[in-house]
Amino acid sequence: MTETTARSVSHFDAGGTPDTGYGTKAYRKYILGILLTVYIFNFIDRTIINILTEPIKESFGVEDWQMGLLGGPAFAILYTFVGIPIARFSEKHHRVWIIAGSIALWSLMTALCGFATSFIALFIFRIGVSIGEAGCSPPANSIIADYFVPAERSTAVSVYALGIPLGGMVAYVFGGYVVGNLDGPILGALFNSWNWTWAANALDWQNIEGWRVAFVVVGIPGIIVAMIVKMTIKEPPRGYTDPPEMQGREQVGFREVLKILSEKPAYWHVTIGVTIASFVNYGVGQFFVSFLIRTHEMSIFDASVKIAMALAIMAAIGTYMSGFLADKYAERFPKALAFIPMFALLGVIPMHVTGYLAESLWLAVPLMMVGQMLLYTYLCPLYAVPSGVVDSRMRATAVAVTLFIVNLLGYGLGPPLIGGLSTILNATFLSGIDPSLTLETCKASDLAAAAQTACSSANADGLQWSMILFKCLYLWAVFHFYMASRTIQRDMGR
């Protein structure tokens, strides 16, 4: 069957035209909703570790730098290296099946994190989560580009990118609730009250911490999502909505994709800008709940549900608005995909730095909310630009190359480096308060009241100033978005 015939048959089966998009308008909305749901689960399972940092740290007796390794390299290394082979595979094979299988794998690995008996075991299961999640975004963005016409793609990918803040929000709310209200003893008593003796006797519930329950509870529903994806998403013809001049029948080699990307300066500047923003965002995000607990003496539940949820809502607004505005004003302001995050990140720095320094939450939270809305405008170009500078034969690969760079350097280095900086500053502040105290002596359970106060103060100050220093790096990202604005109109063919 020729490509033209395939496109005609698919048009007949699903409705729509290459000028309006694959499938009916209602079905396209459904597809976008399902892919958004997938990405929400992707980020729930990815970021749940951020909420559980303090209890995991206490359970295994580790430091911030080790938790940084768990939140960064444990996930980022294989996620980035596996992503490109999966993307190349999805350029030729059924993308829906790849996404469904990936969801099932990362959901299973997330649930297994709750059964980890050591820090090393938890590290290995997190690697398993990363391998599964590597098969999500490249084929998903390729599918979105085939369902939606170019004039609607920035909005469509910004809706998909809402999975990042919304997934974080659900993880914060749900994870915080589970840790605060649902642990092993409570579950054991619940099973006994229901006369479920088989469940009550299955595990030693009295010694199961709430963070373990949280991993299992957020992991299992992903299996259902995988089944829905497999049964309800139709595989669209590749390049269905592309202009005729962008259609191509021959597969493109990986080197040729890199060659084409190398000729698009805007792509590389956007990628570098997004990488820097992600480096800061992932690093700070890993310890944000810990910051609220240490600096403002909040519980995990209050920090996750009341504060982090508010910030996630504002992040979702910023994510959607960046794509919507980029599409709406594309003709009048063709450089909007670069200018929006450039100006927004300039505003983030004073908002977040002042918010982190404020002693009152009534002052800190509004500032951080505005900053969070501005910050997440960088997510739209993360997906829109790689998909926009190449044709249908290369989109999954272009997105995978971008995610390789962003996650290897941003996710892989952000959490461990801010964790290491926090540990160094913690020790520095501690020696300034009392030279006889060390990080090891602060772990003792029989410390005097004055020593406990000193340890807590240094622990809070070290993390607080690490986050503030990291936020200043957004200036570097601003420079690259400015450089991208100089050629983005030409590179994206607008």
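E297 is exposed, at 71% relative accessible area (exposed means over 50%, buried under 20%, partly exposed in between, with a 1.4 Å probe and protein chains only). The exercises below start from this residue.

The model is predicted: local features need pLDDT of at least 70, side-chain atom pairs count only at pLDDT 80 or more, and totals for chains, interfaces and linings use all residues. Residues are numbered from 1 along each chain as its sequence is written, and side-chain values use heavy atoms, with hydrogens and water left out.

**Exercise 1. Positive phi**

Task: Place E297 and N195, and state the phi of each residue.

Solution:
- Step 1. E297 lies in the loop between α16 and α17. Helices are DSSP runs of H or I with at least four residues, strands are runs of E with at least two, and both are numbered from the N terminus.
- Step 2. Phi of E297 is near 55°, a positive value in a residue other than glycine.
- Step 3. N195 sits in the loop between α11 (184–193) and α12 (197–200). Its phi is near 65°, again positive in a non-glycine residue.
- Step 4. N195 is exposed, with 64% relative accessible area.

**Exercise 2. Salt bridges**

Task: Count the salt bridges, then work through the pairs of K259, K443 and R490.

Solution:
- Step 1. Apply the rule: a side-chain nitrogen of Lys or Arg within 4 Å of a carboxyl oxygen of Asp or Glu. The count comes to 11 salt bridges.
- Step 2. Recall the principle. Side chains of opposite charge can pair when their charged atoms come close.
- Step 3. K259 pairs with E263, with the closest N and O atoms 3.0 Å apart. K259 is exposed at 51%, while E263 is partly exposed at 45%.
- Step 4. K443 pairs with E440 at 3.3 Å, N to O. K443 is partly exposed at 42%, and E440 is exposed at 55%.
- Step 5. R490 pairs with D491, and the closest N and O atoms are 3.2 Å apart. R490 is exposed at 58%, whereas D491 is buried at 4%.
- Step 6. Salt bridges that share partners also join E54, K57, D64 and R294 into one network.

**Exercise 3. Helices α23 and α20**

Task: Test the length of α23 against its expected span, then list its buried residues and those of α20.

Solution:
- Step 1. α23 covers residues 474–485, which is 12 residues. The expected span is 1.5 Å times one less than the number of residues.
- Step 2. The expected span is therefore 16 Å, and the end C-alpha atoms are 17 Å apart, which agrees.
- Step 3. Y474, A477, V478, H480, F481, M483, A484 and S485 are buried in α23.
- Step 4. These buried residues pack against α16 (265–295), α18 (336–357), α19 (361–375), α20 (379–388), α22 (449–471) and α24 (488–491). Contact here means heavy atoms within 4.5 Å.
- Step 5. α20 is mostly covered, with nine of its 10 residues buried. They are L379, C380, P381, L382, Y383, A384, V385, P386 and S387.

**Exercise 4. The largest pocket**

Task: Describe the volume and lining of the largest pocket.

Solution:
- Step 1. Set the terms. On a 1 Å grid over the protein atoms alone, a cavity is a set of points where a 1.4 Å probe fits but cannot get out; a pocket is an open set with protein on both sides within 12 Å along at least five of seven lines; lining residues have an atom within 4 Å of a point. Points are joined across faces, edges and corners, and a volume is the space filled by probe spheres set on them.
- Step 2. The largest pocket holds about 790 Å³.
- Step 3. It has 26 lining residues, with E54, K57, R294, S456 and N459 nearest its centre. α3 (53–60), α16, α21 (395–433) and α22 each give two or more residues to this lining.
- Step 4. α22 gives the most, eight residues.
- Step 5. The lining has 11 nonpolar, seven polar and eight charged residues. Ala, Val, Leu, Ile, Met, Phe, Trp, Tyr, Cys and Pro count as nonpolar, Asp, Glu, Lys and Arg as charged, and the others, Gly among them, as polar.

**Exercise 5. The largest cavity**

Task: Count the cavities of 30 Å³ or more and describe the largest.

Solution:
- Step 1. The whole structure has four such cavities.
- Step 2. The largest has a volume of about 380 Å³.
- Step 3. Its lining has 28 residues, of which Y172, N281, G285, Q372 and Y376 lie nearest the centre.
- Step 4. α16 gives the largest share of this lining, six residues.
- Step 5. By class, the lining of the largest cavity has 18 nonpolar, nine polar and one charged.
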